[in-house]
Amino acid sequence: MKQLKTEILHGIGIGEGCAVGKLRFVHTYAQKRDAKGQGIEQERARLRKATASVARSIANLQKTAEEEIGADAAEIFSIHAMLLEDEDLTQRMEDALADGASAEAAVEAARDALSQELIALDDPYLRARATDIKDVCNQLLSHLSGEKSQTEEIPSEPYILVSSDLTPSQTVGLDRDTLLGFVTFEGSPNSHTAILARAMGIPALVCTGKIREDYNGTVALLNAATGTLTLSPNDAEREDFIALCAKSTQISEERKRARHALAGKPAITGGGHRVLIYANVGGEEEVDAVIAGGADGIGLLRSEFLYLSLDRAPDEERLYQSYRAVAERMQGRRVVIRTLDIGADKQVSYLTLPREENPALGLRGVRLCLRERTLFCEQIRAILRASAHGKVALMLPMIVSVDEVRACRELINECMQALDGRRENYDKNLEVGIMIETPAAAILCRELAAEVDFFSVGTNDLLQYTLAADRQNPHVEALCRTGQEPVLRLIEAASRAIHEVGGWIGICGELAADLTLTQRFCDMRVDELSVSAPYLLELRERVLACQ
Ligand code: PEP
Ligand code: MG
């Protein structure tokens, strides 16, 4: 490979680590699913290619299932193979292409229309085919997005992933064994992808602007602390960088060891205010790091990450097992499980959510759950059952009104009755809290305090909704970094109002980890700060140094 010119690119660093390795470009063209096609012939050819790939992968799956599970279990794959060629489905896609749709939009339109029609039928056999139609179409979408083929191309040697952007579900699915770090042209530090990278301890750089694909396969130096990516460095630059990384890793390891002594120490300011130091997690696999970081509890379990990592919704039992494991391992320390916050940037194809112009302002969090009650109640029952094995609390996201809380409470009561009927154990006094992540919730917190047991401020969304600045949009991400004052005043006012009525307030958005704000949060007398596991000890140390 010819030596390319050395270039230094700047972006926003996530975490503090560094990485040296070959760049691998992964195309995620279809993530945004452009509705308009590039011309019927081109879109038709893309669809044909994706159909052939899906047919091959179904045939492979069928063969494996026959060999490993038996012919009966493999039957579903012959149904999928038939559906892939179903005339009704293919004709609908062709009609959409003829109307100028992209291949992705054509698949989505056909999938949604046909599955809705099947769901409305009386015949249970045909109704059940709706799920298969969705499954087959989602496989087509996955192949169209190139994710699959690109993933297959990724070699086993360690690499730095480069992409225009990554969705949270793609980030969850990244193979940690070979991934050194990632770089995205777009993205923002408040996105869920960045949050995941911090929690997973993966060095990353977002908002770099486009990188020329000539650099695919060349070596690069990623420094998250300085927010730089050096493309195609010479040998001396590479060696200097490796030495610098080794030194900063050694310093950070020494600091970590020194802070370890603080793990069990209550975080009390010089003025005598105690702040509980809690952790934000995406699932059970992060609990070891939470315990090692000496957390007083888990302030936010983002339950949607489990949904994002699967290709169908987990059922009550699966959820219960996962929540129970976390509750048991936390040994009596509080675990706040946030109910499903799907929507906006966190999409799962199996739920076939309607296409929305402004998904961040649409059917997200409790809004979706109050519509999809079966899905919601399965989760509530799982949380209730887990509460028999530890100190579990339930938290509702995206609240804007008292009515929403009451509607959720009604469902929680119904779920309790259902469990009583099944003679299942649960905590009858389960604490129910809400997120303050909309200005409406901050303004209404006095009234809301009469309905709930606790509050937790989601500053990531509170910033985007207060500043009218999309947290995913790289063009306005600077607003979220520099325009925090109105949000801090909202938190201050909310904290005062909540404490006046004897309530409890924590902060679990990314601002909780901003050590330049810790004194201010202590002055507001917040009761808890919840951060990703790598930041727990540093935060405890900072609170102890506050006045
Ligand atoms: C927040 O909005 O600050 C929050 C904690 O929730 P999420 O980042 O998952 O939207
Ligand atoms: Mg949020």
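**Exercise 1.** Is Cys18 buried or exposed, or does it fall in between?

*Solution.* Cys18 has a relative accessible area of 24%. Buried means under 20%, exposed over 50%, and partly exposed in between, using a 1.4 Å probe and protein chains only. So Cys18 is partly exposed.

This is a predicted model, where local features need pLDDT of at least 70, side-chain atom pairs count only at pLDDT 80 or more, and totals for chains, interfaces and linings use all residues. Residues are numbered from 1 along each chain as its sequence is written, chains are lettered from A and ligands numbered from 1 in the order in which they are written, and side-chain values use heavy atoms, leaving out hydrogens and water.

**Exercise 2.** Find the partner of Cys18 in the disulfide.

*Solution.* Start with the cut-off: a disulfide is a pair of cysteine sulfur atoms within 2.5 Å. The sulfur atoms of Cys18 and Cys245 are 2.4 Å apart, and the two residues form a disulfide. Next, place them: Cys18 lies in strand S3 and Cys245 in helix H9, 227 residues apart. Helices (H or I, at least four residues) and strands (E, at least two) are DSSP runs, numbered from the N terminus. Finally, Cys245 is buried, at 11% relative accessibility.

**Exercise 3.** Decide whether Cys408 and Cys546 belong to a disulfide.

*Solution.* For Cys408, the nearest cysteine sulfur is that of Cys369, 7.8 Å away, and Cys408 is in no disulfide. Cys408 is buried, with 0% relative accessibility. For Cys546, the nearest cysteine sulfur belongs to Cys522, 4.1 Å away, and Cys546 is in no disulfide either. Cys546 also counts as buried, at 3%.
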